[in-house]
Structure formats: structure tokens, C-alpha cells
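This briefing concerns a single protein chain, presented below with its sequence and coordinates. Attention is directed to its overall architecture, one helix and the packing of aromatic side chains.

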Amino acid sequence: PPPGAVLVQSLSSTVRFLAINISGFQNPVFDQTFRENFKMQVALLAGTSADDVVILSIRSGSVVVRFVVHFQENIPFSAGAVGEMLQDDTDAVFSSNPFFATLGP
């Protein structure tokens with residue numbers, strides 16, 4: 001979280017992308033683009049800043065992203081609600097982003 005932010009709650013979760021091959025992350029441009037778009041999309045869903053989304057790991061199993069979202073004061077969504085949306089409808093969460101729309105979760 002940004003310095004001076006008041007952390008209210010956190011969500012720790014994973015998202016699996018079946019259509020992405022882990023070898024794509026050997027390309028630094030793809031890796032950076034994926035990370036930036038992932039953080040932006042999760043932040044958009046959570047009503048927070050991309051700075052509040054921390055990618056902890058990206059591993060194979062298609063591609064599995066483990067991450068944390070830090071919720072600060074005045075965020076309209078609860079961590080639990082965001083976690084449910086990510087798990088229940090991963091495709092819808094990421095398909096609105098042009099980068100992910102071409103990859104498919």
C-alpha cells in the first residue's frame with residue numbers, strides 16, 4: 001500500500017488462466033504487460049488503485065497468479081465480495097480488458 005494509507009482489509013487469492021502458456025513470461029515485454037494489465041483489472045474490480053494489488057507469484061498450471069489486494073478506507077467493496085467475483089466469474093472480470101480478451105482466462 002502507498003505510504004500513509006490506512007489499510008482496512010486484504011484479500012489473498014489466485015486466478016488461473018488456462019489459455020496462457022507459462023513460457024510466454026520469458027519474454028520481458030509480455031511479462032510486464034501481463035503484470036500491468038492484471039493489476040489494473042483487479043484494481044478496477046476492487047475499486048482501488050493498481051498500487052494496492054501485489055502479484056506474489058506467477059507459476060505454471062496453465063498460468064496461476066497468486067496475489068494480494070490491499071483495501072484502504074473508503075473502498076466500496078469488501079474483500080470477500082471481490083474474491084467471490086474473481087472466483088465465480090473470472091472470464092467476465094478479465095475479458096473486458098483488451099489484453100486479456102486476446103488471451104482468454
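The points that follow are grouped by topic.

The structure is a predicted model. Its protein chain contains four helices and three strands, arranged from the N terminus in the order β-α-β-β-α-α-α.

**Overall architecture**

- Of the 105 residues in the protein chain, 39% count as buried.
- Among contacts in the protein chain with a separation of 6 or more, 66% are made by residues 24 or more positions apart.
- The protein chain has an accessible surface of about 5600 Å², and carbon and sulfur atoms contribute 53% of that area.

**Helix H1**

- Helix H1 covers residues 28-46, and its 19 residues should span 27 Å at 1.5 Å a residue; the end C-alpha atoms are 27 Å apart, so the expected and modelled values agree.
- At the N-terminal end of H1, Asn27 acts as a cap, with a side-chain oxygen 2.8 Å from the backbone nitrogen of Val29.
- Just after H1, Gly47 adopts a positive phi of about 70 degrees.
- The buried residues of H1 include the aromatic residues Phe30, Phe34 and Phe38.
- Also buried in H1 are Asp31, Asn37, Gln41, Val42, Ala43, Leu45 and Ala46.

**Aromatic pairs**

- The model contains 15 aromatic pairs.
- One of these pairs joins Phe17 and Phe38 in an edge-to-face arrangement, at 6.2 Å centre to centre and with 70 degrees between the planes.
- Phe17 belongs to strand S1 (residues 7-17) and Phe38 to helix H1, so this pair ties together parts that are 21 residues apart in sequence.
- Both Phe17 and Phe38 are buried.
- Phe34 and Phe99 also form an edge-to-face pair, with 6.4 Å centre to centre and 75 degrees between the planes.
- This second pair links distant parts of the chain, as Phe34 is in helix H1 and Phe99 is in helix H4 (residues 98-101), 65 residues apart.
- Phe34 and Phe99 are both buried.

**Aromatic cluster**

- Which residues form one aromatic cluster? The members are Phe17, Phe25, Phe30, Phe34, Phe38, Phe67, Phe94, Phe99 and Phe100.
- The cluster includes Phe17 and Phe38, the edge-to-face pair between strand S1 and helix H1.
- The cluster also includes Phe34 and Phe99, the edge-to-face pair between helices H1 and H4.

Definitions and conventions:
Residues numbered from 1 in each chain as written. Predicted model: local features only at pLDDT ≥ 70, side-chain atom pairs only at ≥ 80, totals over all residues. Heavy atoms only, no water. Helix = DSSP H or I, 4+ residues; strand = E, 2+ residues; numbered from the N terminus. Expected span 1.5 Å × (residues − 1). Buried < 20%, exposed > 50% of the residue type's maximum accessible area, 1.4 Å probe, protein only. Polar contact = N/O pair within 3.5 Å; in protein donor to acceptor, adjacent residues only side chain to side chain. Phe/Tyr/Trp six-rings, centres within 6.5 Å; stacked < 30°, edge-to-face > 60°. Contact = heavy atoms within 4.5 Å. Areas by Shrake-Rupley, 256 points an atom, 1.4 Å probe, with all protein chains shown as cover.
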